[in-house]
Amino acid sequence: MIVDLRSDTVTKPSSGMRAAMADAEVGDDVYGEDPTVNSLEASVAALLGQEAALFVPSGSMGNQLGLRLLAKPGEEIVCDSLAHIARAELGHAAAFSGITFRTWQATRGVIDVEAVRGLISPDAGPYLVSTKAIALENTHNFGGGTVQPAGQVAAVIELARSCGLALHLDGARLWNAHVASGLSLAELTAGFDTVSVCLSKGLGAPVGSVLVSTADRIAEARVWRKRYGAGMRQAGILAAAGQYALEHNVERLAEDHTRAARLGDELGANPGTVETNIVVLDVADAAAVAGAAREAGVYVSALGPRFLRLVTHLDIDDDAITRAIEVLAPLVKG
Ligand SMILES: Cc1ncc(COP(=O)(O)O)c(C=O)c1O
């Protein structure tokens, strides 16, 4: 038995999802003629309470497009130092959009409005780089699946508005934040100018993310998506997987959260740190633990010298958790 806890991106489409993909009505999406893509975009925009949406191949592209709509070359966007956009998207903002980042430190990725206030520098030219936007992440991946406290999000939105800054939300796992907090998706995204959500993480679709914003911004993002070479043709086959995921796999994320909590309890995660489907363990030698666990068929991610990450998902059931605990407990406690 292989238990793959490296990420919630490793899920394989279920038979129901594959059937939906096979049956999807399709057309040429570059001409705007794919009915399944159009319908997915309309449903995600409505769910998130935004005017319009654009289906894109990946969360990285959703973020890239979102950020480039908010800042121009030579301008900056601020985010926390563990943000996926800063740590794991290979410098896209600099490489493709000429945008620089500055970052604030955040424990477990939790937003600290005073740290943001201390960092931003709106209208700072011509001597300093002007901040144009603030980017947040909810849930926070490298923070350990942290749900951002609603009060802090509201305070950052107010801060941004008061100094004319825009806001981007990396909502790759917004669905997890919704299920864990009980807040609606629209409540979680209210006040943001651009939001990217992923269908290929906990929701179990093989490919696809969606960027939402105003109709004008999404029209501009559509041009940039094509310019990046990501105009897709009969993409309805992929969008159908996303639509299926929205209909079948959102509320069940609660099961992933319960299983992650069990893993965290049994493996000694810091109390209160497992809020959704990600468990972070502080171990003496993360690479050694990951290597030994792999030999026993349990895959986990070593993301730093002491940083071990385990992620529950659709393809992990209770037996898999039991097996993971059997293999990992002696390794992380020993
Ligand atoms: C928080 C967050 N944002 C963005 C992404 C990027 O998504 P993708 O791998 O689809 O580019 C990820 C991927 O794990 C993520 O965890």
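This section describes the ligand site, the nonpolar cores and several unusual backbone positions of a predicted model.

The ligand is surrounded by Ser 58, Gly 59, Ser 60, Asn 63, His 84, Glu 89, Glu 137, Asn 141, Asp 170, Ala 172, Arg 173 and Lys 201. Helix H3, which spans residues 59-70, supplies 3 residues, the largest share of this shell. By class, the shell holds 6 polar, 5 charged and 1 nonpolar residues. Three side chains illustrate the polar contacts. In Ser 60, a side-chain N or O atom is 2.6 Å from an oxygen atom of the ligand. For Asn 141, the distance from a side-chain N or O atom to a ligand oxygen is 2.8 Å. Asp 170 faces a different element: one of its polar side-chain atoms lies 2.6 Å from a ligand nitrogen. On its own, the ligand has 390 Å² of accessible area, and the protein covers 84% of that area.

Attention turns next to the nonpolar interior. In soluble globular proteins, nonpolar side chains tend to be buried together. The largest nonpolar core in the model has 51 residues. Within this core, the members that touch the most others are Phe 55, Ile 134, Leu 136, Trp 175, Leu 199 and Val 210. Beyond four places in sequence, Trp 175 touches Leu 47, Leu 185, Val 197, Cys 198, Leu 199, Leu 203, Leu 246, Val 250 and Leu 253. A second core is separate and has 26 residues, including Leu 5, Val 298, Val 300 and Leu 308.

Ala 221 is placed in helix H11, residues 215-227. Ala 221 is buried, because its relative accessible area is 0% and the limit for burial is 20%. Its contacts beyond four places in sequence are Leu 54, Leu 65, Leu 69 and Leu 211. The C-alpha atoms of Ala 221 and Gln 64 are 9.7 Å apart, although 157 residues separate the two along the chain.

The backbone also merits description. Most residues other than glycine have a negative phi, and most peptide bonds are trans. Two cis peptide bonds are described here. One runs from Gly 125 to Pro 126, with omega near 5°. Pro 126 belongs to the loop that links helix H6 (113-119) to strand S5 (131-137). The other cis bond joins Asn 138 to Thr 139, with omega near 0°. Thr 139 sits in the loop between S5 and helix H7 (141-144). With a relative accessible area of 2%, Thr 139 is buried. Outside its neighbours within four places in sequence, Thr 139 contacts Gly 145, Thr 146, Val 147, Arg 173, Leu 174, Asn 176, Ala 177 and Thr 276. One of these contacts, Arg 173, is also among the residues around the ligand.

Positive phi values are found at two residues other than glycine. Arg 108 has phi near 55°. Arg 108 lies in the loop between strand S4 (100-104) and H6. This residue is partly exposed, with a relative accessible area of 25%. Asp 123 has phi near 50°. Its place is the loop between H6 and S5. Asp 123 is exposed, because its relative accessible area of 67% is over the 50% cut-off.

Notes. Residues numbered from 1 in each chain as written. Predicted model: local features only at pLDDT ≥ 70, side-chain atom pairs only at ≥ 80, totals over all residues. Heavy atoms only, no water. Near = heavy atom within 4 Å. Polar contact = N/O pair within 3.5 Å; in protein donor to acceptor, adjacent residues only side chain to side chain. Areas by Shrake-Rupley, 256 points an atom, 1.4 Å probe, with all protein chains shown as cover. Helix = DSSP H or I, 4+ residues; strand = E, 2+ residues; numbered from the N terminus. Nonpolar A, V, L, I, M, F, W, Y, C, P; charged D, E, K, R; others polar. Core = buried A, V, L, I, M, F, W, Y, C linked by side-chain atoms within 4.5 Å. Buried < 20%, exposed > 50% of the residue type's maximum accessible area, 1.4 Å probe, protein only. Contact = heavy atoms within 4.5 Å.
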